[in-house]
Amino acid sequence: MKTLYNIFANWNITKKLMQKPFWNKVLSYEVLSYLVFGVLTTLVNYAVFYIFDKILGTAPLFSFHIFSKPFHVTFEDVSTFIAWVFAVLFAYFTNKLWVFESKSWKAGVVAKEILSFFAARIISYLVFEALGFMLLRNMLIWTGLGETACKWIAKITMSVLVVLFNYFASKFVVFRNKKKETKSENEDSIN
């Protein structure tokens, strides 16, 4: 991955852009590799969903009521959940290895990273689903746009915000101690 990035970074247009502080940050190895692995994570999600959807189908699994409103859980929902778990695990390992380069494989470090990585993904899902719902409702009321246009605007807006939230959560919460842990492991191996 770094070899491909170095080729990209040595293009004349890239060199010129990277002389500007904003583009230097946007075109950094960390940001671009995060985006590349984000696309791959989405593909993993789709592939795993497709496989499990074909295996399990879409039949109803069970139903329940909340405030007299029925909710139906199907095998398609199970496939969606399994695909999400696979995608988040794929994202964790690619982010650990190639994006944020967290080198520690100590059980405690990995457990802490995985738990905080999954927690950040759950929080981003819940928060941005709620915000997307509110944005959609407000756009339907105030903009005069059709429902389809409002849905896509809300979905695209929330997707961008989720990517940003997950990037900053990974950088500043999940993998924030990578240099300290690597230094500590190096000191342990010397002693």
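**Exercise 1.** Is Leu-40 buried, partly exposed or exposed?

Solution. The structure is a predicted model.
Step 1. Take the cut-offs: buried is under 20% relative accessible area, exposed is over 50%, and partly exposed lies in between.
Step 2. The relative accessible area of Leu-40 is 34%, so this residue is partly exposed.
Step 3. Place the residue: Leu-40 belongs to helix H4.

**Exercise 2.** Find the nonpolar surface patch that includes Leu-40, and state which helix gives the largest share of the patch.

Solution.
Step 1. A patch residue needs over 30% relative accessible area and no salt bridge. Leu-40, at 34%, is above that area cut-off.
Step 2. Leu-40 is listed with Met-1, Val-36, Val-39, Leu-43, Tyr-46, Leu-89, Phe-93, Leu-97, Trp-98 and Trp-105, and together these residues make a nonpolar patch of about 1,000 Å².
Step 3. Two or more patch residues come from each of helix H4 (29-56) and helix H5 (75-99).
Step 4. H4 gives the largest share, 5 residues.

**Exercise 3.** Determine which parts of the chain are linked by the salt bridge between Lys-2 and Glu-101.

Solution.
Step 1. The N to O distance between the two side chains is 2.9 Å, and the cut-off for a salt bridge is within 4 Å.
Step 2. Lys-2 sits in helix H1 (residues 2-9), whereas Glu-101 sits in the loop between H5 and helix H6 (107-142). The two residues are 99 residues apart, and their pair links distant parts of the chain.
Step 3. Lys-2 is partly exposed at 42% relative accessible area. Glu-101 is also partly exposed, at 25%.

**Exercise 4.** Classify the two partners of the salt bridge between Glu-113 and Lys-96 as buried or exposed.

Solution.
Step 1. The side chains meet at 2.8 Å, N to O. Because Glu-113 lies in helix H6 and Lys-96 in helix H5, the pair ties together parts 17 residues apart in sequence.
Step 2. Glu-113 has a relative accessible area of 3% and is buried.
Step 3. Lys-96 has a relative accessible area of 0% and is buried.

**Exercise 5.** Describe the salt bridge between Lys-151 and Glu-147, then give the total count of salt bridges.

Solution.
Step 1. The closest N and O atoms of this pair are 3.5 Å apart.
Step 2. Both residues belong to helix H7 (residues 147-174), with a spacing of 4 residues, about one turn of the helix.
Step 3. Lys-151 is partly exposed at 44%, and Glu-147 is partly exposed at 45%.
Step 4. The count of salt bridges in the model is 4.

Note on methods:
Residues are numbered from 1 along each chain as its sequence is written. This is a predicted model: local features need pLDDT of at least 70, side-chain atom pairs count only at pLDDT 80 or more; totals for chains, interfaces and linings use all residues. Side-chain values use heavy atoms; hydrogens and water are left out. Patches are made of residues with over 30% relative accessible area and no salt bridge: like charges are joined within 9 Å, nonpolar side chains (Val, Leu, Ile, Met, Phe, Trp, Tyr) within 5 Å. Accessible areas come from the Shrake-Rupley method with a 1.4 Å probe; for residues, only the protein chains shown count as cover. Buried means under 20% relative accessible area, exposed over 50%, partly exposed in between (1.4 Å probe, protein chains only).
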